[in-house]
Amino acid sequence: MMDRRRFFSAFVPAAAAAAVPIPASARSLFENAAMRGSIPASEMGVRPGALDDQSRVFQRMLDEAARRDQPVFLPPGDYAVSNLTLPDRLRLSGVPGATRIVYTGNGHLFAGEDCASLSLTGLTIDGQNRWLSDQTQGLIDLRRVASVTIDGCEITGAGKSAIVMERCGGRIERSTLSGAQDHALYAVESAGLTVTGNTVEDCGNGGLLIHRWQAAHDGSFVTNNRIARIGARKGGTGQYGNGINLFRAGGVTIANNSVSDCAFSAIRANSASNMIAQGNTCLRSGETALYTEFAFEGAVIAGNIVDGAANGISAVNFNEGGRLAVIQGNLVRNLSTQGPYPADAPGFGVAITAEADTSVSGNTVEGAPRYGLHLGWGAFLRNVVASGNVIRACGTGIAVSVAEGAGRAVISGNMIADTPNGAIVGYRWSEAVTGDLAIRGAAGWPHLTVERNATG
C-alpha cells in the first residue's frame, strides 16, 4: 500500500509549477495559437509600436492576405495607419484591448466595397477625433459587402460616425462604439443585418441608425445592446439624438436593449412599418421615449419599461398614414412637461398616445402630469381600444378626442386613480369639453363606448 505522505507529495511539483512565472518564451503562446493558419504581420514588415506611419506596408499585407485567402493576425501594440482599402475576404484579428489601429488623419481609415465578406475581430480602432475627408462618413466605411463581421472590437474617437454600411449584411456584435462625433452606426439599405450585444456610448448625434432610401422591408435585428448618453449636436426636433433610430426600414426587431440618457428618443421609428419594440428599458429620454410616427403601418410595442421622459410611448401621425399598432404590457412612469424644445399642443407629459387602428391594453402608467392615455388628436381618431390599463397619479387619466370628424373609440375595464383633472375626459383638440365621462357616461358622444372603468 502507498504511504499517504508519498501519495500527496506527488502533487507538489504541479502546484509549485503553477506559482512559477511564465517564462518570456511562452508569453507568445496566445499569439502563436492565434496565428496558426494566419499571415504574421512581422512577415510582411508590419511592426507593433513603430513610430512611423505604416500605411503602405499595412496595405501590402492586407492585399497579400487576400491573394492567399489567409487571415491576418496582429500582435499587441499600436499600428499608425490611414487610407486603407479592405480587400475581399479579409479576416483581420488582434488581441482584444491590446492590438490598436490608430488613425493618422489623412483622409480615411478603413474603406471596403463590392466584397463577399470582411471580418474584423479583437481590434481597438482609435480615430483620435481626426479629420475625415468629405467622401468618407465613418472610420469603417463599407459599401455593398454581403457579409460583414465586426466582433469584439472597440471603436472610439470617430471624427464622424464609427461605422457606416451601405447595402451590407452580416453581424456587429460584442463591440464597444464610443465617442463618435456623429453616429455609432449608420446602416442604410441593409440585407440581413444583426446588431447585438454591443455597448454604445457618448455619441454626438445618434446611436444605432437603420435607414433605407425608400420605404421597404429591411429585417434587421437590433438586440441586447447597451446604449447611453446620445446627444443631438446638430439640433432639430428629433432627427438627431436617438439611441436607436429607424427610417423607412420595415420589419425591424428591436428587443431587450437598455437605452438611457438620449437627448430625444430611446427608440424612434419614422415611416418604418412592421416594427417590433419589445422588452427594452428606456431611461431618462429627453423627448418621447419610444416613438413610431409618420407613414407607418404596423407596430408592436410590448413589454417595455419607460422611466423618465417628456412623453412615454407614441404611435401617431394618422394624418400622414400612421396606423395599426399594438401597445401592450408596458410600464411608463415619471414623465415631465419639460422637453428639448417648446412643445406643440397639447404639450409634453403624456404617457401613451395612439390615434388609429390601435389597441392599448394591459399597460401600467404612473406619474404623467398631463394625460395617462391620449386617444386621438382632433379628427385623427379611428378604431382605438383602451382596455385593462392601470393609470395612476396623472393629470387626466384618459383624454379622448370628441372633435368633429373623430372616429370610434372603446374605453373599457381600466383602473384609474388619483387624476385631479378627471378620469376620462373628452377633448376638442386641446380643450376639455365634456366633464368626466367615467361619471357622466358617453351617451352624448355616439362614437365613444365608455364602460366598466373603475375610478378612485
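Author: A strand, as the word is used here, is a DSSP run of E with at least two residues, and strands are numbered from the N terminus. By that naming, arginine 248 has its place in strand β20. Please keep in mind that this is a predicted model.

Reader: Thanks! Why does arginine 248 count as partly exposed?

Author: Buried means under 20% relative accessible area and exposed means over 50%, with partly exposed in between. Arginine 248 comes out at 29% relative accessibility, so it counts as partly exposed.

Reader: And what is the phi of arginine 248?

Author: Phi is near 65° there, a positive value in a residue other than glycine. Most residues other than glycine have a negative phi. Asparagine 334, in strand β31, also has a positive phi, near 60°. With 42% relative accessibility, asparagine 334 falls between the two cut-offs and therefore counts as partly exposed.

Reader: Why does asparagine 317 count as buried?

Author: The cut-off for buried is under 20%. Asparagine 317 has 16% relative accessibility, so it counts as buried. You will find asparagine 317 in the loop between β29 and β30 (323-328).

Reader: What is asparagine 317 in contact with, leaving aside its neighbours within four places in sequence?

Author: Its partners are Glu293, Phe294, Gly322 and Glu355. A contact is counted when heavy atoms lie within 4.5 Å. Asparagine 317 also belongs to the lining of the largest pocket: Tyr291, Glu293, Val316, Asn317 and Tyr341 are the closest to the centre, out of 33 lining residues.

Reader: How much space lies in the largest pocket?

Author: About 810 Å³. Several strands help to line the largest pocket, with at least two residues each from β20 (242-250), β23 (267-270), β26 (288-293), β29 (311-315) and β32 (350-354). Of the strands, β20 gives the most, with 4 residues. Sorted by class, the lining has 13 nonpolar, 15 polar and 5 charged residues.

Reader: What makes strand β9 (residues 138-151) mostly covered?

Author: The count does: 10 of the 14 residues in β9 are buried, and buried means under 20% relative accessible area.

Reader: How do you know which strands pair with β9?

Author: Two strands pair if DSSP finds at least two bridges between them. β7 (residues 110-121) runs parallel to β9 and is joined to it by 10 bridges, so that pair passes the cut-off of at least two. β11 (residues 161-166) pairs with β9 in the parallel sense over 5 bridges, and β12 (residues 170-173) does so over 4 bridges. You can check single bridges too: glutamate 113 has arginine 143 in β9 as its partner, leucine 142 has methionine 165 in β11, and aspartate 151 stands opposite glutamate 173 in β12.

Reader: Why does the span of helix α4 (residues 55-68) agree with what it should be?

Author: At 1.5 Å a residue, the 14 residues of α4 should span 20 Å, and the end C-alpha atoms are 20 Å apart, so the two values agree. Buried residues in α4 include Phe58, Met61 and Leu62, and what covers the buried residues of α4 includes β3 (77-81) and β5 (90-94). Just after α4, aspartate 69 takes a positive phi of about 60°.

Reader: Last one: what kind of peptide bond joins alanine 345 and proline 346?

Author: A cis bond, with omega about 5°. Most peptide bonds are trans. Look for proline 346 in the loop between β31 (331-335) and β32.

Terms used: Residues numbered from 1 in each chain as written. Predicted model: local features only at pLDDT ≥ 70, side-chain atom pairs only at ≥ 80, totals over all residues. Heavy atoms only, no water. 1 Å grid on protein atoms, 1.4 Å probe; cavity = no way out; pocket = protein on both sides within 12 Å on 5 of 7 lines; lining within 4 Å. Points joined across faces, edges and corners; volume = space filled by probe spheres on them. Nonpolar A, V, L, I, M, F, W, Y, C, P; charged D, E, K, R; others polar. Buried < 20%, exposed > 50% of the residue type's maximum accessible area, 1.4 Å probe, protein only. Expected span 1.5 Å × (residues − 1).
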